[in-house]
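Biologist: I'm new to this one, so could you take me slowly through one part of it? I'd like a close look at the empty space inside and at the helices that pack together.

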Amino acid sequence: MSNLPVGLTRERGLHLLGEMLRIRQFEERCAELYGAGHIRGFLHLCDGEEAIAVGVMQVLGAGDAVVSTYREHGHALARGIAMGPLMAELFGKRSGCSGGRGGSMHVFDAGTRFYGGNAIVGGGLPLAVGLGLAEKMQGSRNLAACFFGEGAAAEGEFHECMNLTALWKLPVLFLCENNLYAHGHGARTLGVADRHPGQGRGLRRARRGGGRHGRVRGRVGGAQRGRSRPAGRGPVLLELRTYRLRAHSMFDAQLYRDKAEVEEWRGRGPLTTLTTRLKAAGLMTEDDFQRLLREADAEVQAAVEFADAAEWESVEDLLRHVHAEVES
């Protein structure tokens, strides 16, 4: 059995795989560029978690707000932020989507309603509450989607936000990307090993594997169907279990796991799984895969060239945006 979503067409399957390949190849190149000194500061890569980014963004509407974490490159690409400006942001260039001022952990793009990127663990949760409150007060049918890692469930703002959104019935979709390890070993960060992070908070909640696009898309689609009823709709919490194939950050020695475990997970990661199942169903050939890979690599190379050629911000402008600029 191919075990693919019912009704998945060849065109759709290739598109989804292509989106995940774009993310994977972008992250792989970022690791190389970091080693070469082109990207500096902190860098958190999402290899292995691509199905969540692609699955969620396929369901969200253009008017929905998105709040992410410091591991947000995949979310940004799947949301529609152009690869060139994203790479330029990582380079710290003026042409970056945040003007070169945010870097890897603070990707922002108002045009796609992508409100970061946040260097603080759980720091995006209160922002999502505010965005959800704004949507409710304006009577819109939009929602705020908030990504966070399971490590954030140990933070105080997590519990405050769960409570407040449930109390005020705010249209917030909380998306917990549980990659099992948080910063190091997840079992050492929470007193209860397998308790759902939203338990006891009055939220609709569900737990799902995040390694397959179809499962992610189906669960998110079901969770946000209440948007047709703007009055009184409340928050939803989805826990999406996944696995990061790279270290927590480029400074992580990964002493908490061995290479054999990583390779085992690599063999059942989203790219391998979807590729195998598309081929088994007769929806894709190896030539198709190689074409998608070449296209992704070409886009990444063009993004690197764009970022490399972009200008640095002038010294005279370094103090801009410290205070609001008022038009006369």
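Modeller: What follows starts with the largest pocket, goes on to a helix that helps to line it, and then turns to two more helix pairs and a small cavity. Keep in mind that this is a predicted model, so everything here is computed.

Let's begin with the pocket. The largest one holds about 360 Å³ of space. Its lining is made by 24 residues, and if you want to find the centre on your screen, look for Y70, V121, G149, G151 and H248, which are the closest to it. Two elements each give two or more residues to that lining: helix 5, running over 124-138, and strand 2, over 144-149. Strand 2 gives the most, with 3 residues. As for the chemistry of the wall, 12 of the lining residues are polar, 8 are nonpolar and 4 are charged.

Now stay with helix 5, since it also has a helix partner. A pair like this is described in a simple way: you give the angle between the two axes and the distance between them. The partner is helix 6, residues 156-168, and the two axes come within 9 Å and cross at roughly 15 degrees. An angle under 35 degrees counts as roughly parallel, so helix 5 is roughly parallel to helix 6. The crossing is left-handed. On the helix 5 side, the residues to click on are L125, P126, V129, L133 and K136, and they meet E157, F158, C161, L164, T165 and W168 of helix 6. Sorted by class, this contact has 8 nonpolar residues, 1 polar and 2 charged.

For another kind of crossing, go to helix 4, residues 83-91, and helix 10, residues 286-309. Their axes come within 8 Å and cross at roughly 50 degrees, and therefore helix 4 is oblique to helix 10. This time the crossing is right-handed. Helix 4 brings M83, G84, P85, M87, A88 and F91 to the contact, while helix 10 brings E299, V300, A303, V304, F306, A307 and D308. The tally here is 10 nonpolar, 1 polar and 2 charged.

The third pair is helix 1, residues 10-35, with helix 9, residues 270-280. These pack at an angle of about 155 degrees, and their axes are 10 Å apart. Anything over 145 degrees counts as roughly antiparallel, which means that helix 1 is roughly antiparallel to helix 9. The handedness of this crossing is left-handed. If you'd like to see the contact, select G13, L16, L17, M20, L21 and R24 in helix 1, then P270, L271, L274, T275 and L278 in helix 9. Among these residues, 8 are nonpolar, 2 are polar and 1 is charged.

Last, back to empty space. Rolling a probe the size of a water molecule over the atoms shows where such space is left. Besides the pocket, the count comes to 2 cavities of 30 Å³ or more. The second largest cavity has about 30 Å³ of space in it. It is lined by C46, E49, A53, G74, H75 and E177. By class, that lining splits into 2 nonpolar, 2 polar and 2 charged residues.

If you only keep one thread from this tour, follow helix 5: it gives two or more residues to the lining of the largest pocket, and it also packs roughly parallel to helix 6.

Definitions and conventions:
Residues numbered from 1 in each chain as written. Predicted model: local features only at pLDDT ≥ 70, side-chain atom pairs only at ≥ 80, totals over all residues. Heavy atoms only, no water. 1 Å grid on protein atoms, 1.4 Å probe; cavity = no way out; pocket = protein on both sides within 12 Å on 5 of 7 lines; lining within 4 Å. Points joined across faces, edges and corners; volume = space filled by probe spheres on them. Helix = DSSP H or I, 4+ residues; strand = E, 2+ residues; numbered from the N terminus. Nonpolar A, V, L, I, M, F, W, Y, C, P; charged D, E, K, R; others polar. Axes fitted to C-alpha atoms, helices over the stretch in contact; angles between N-to-C directions. Parallel < 35°, antiparallel > 145°, perpendicular 65-115°, else oblique. Left-handed = near helix turned anticlockwise from the far one by under 90°. Contact = heavy atoms within 4.5 Å.
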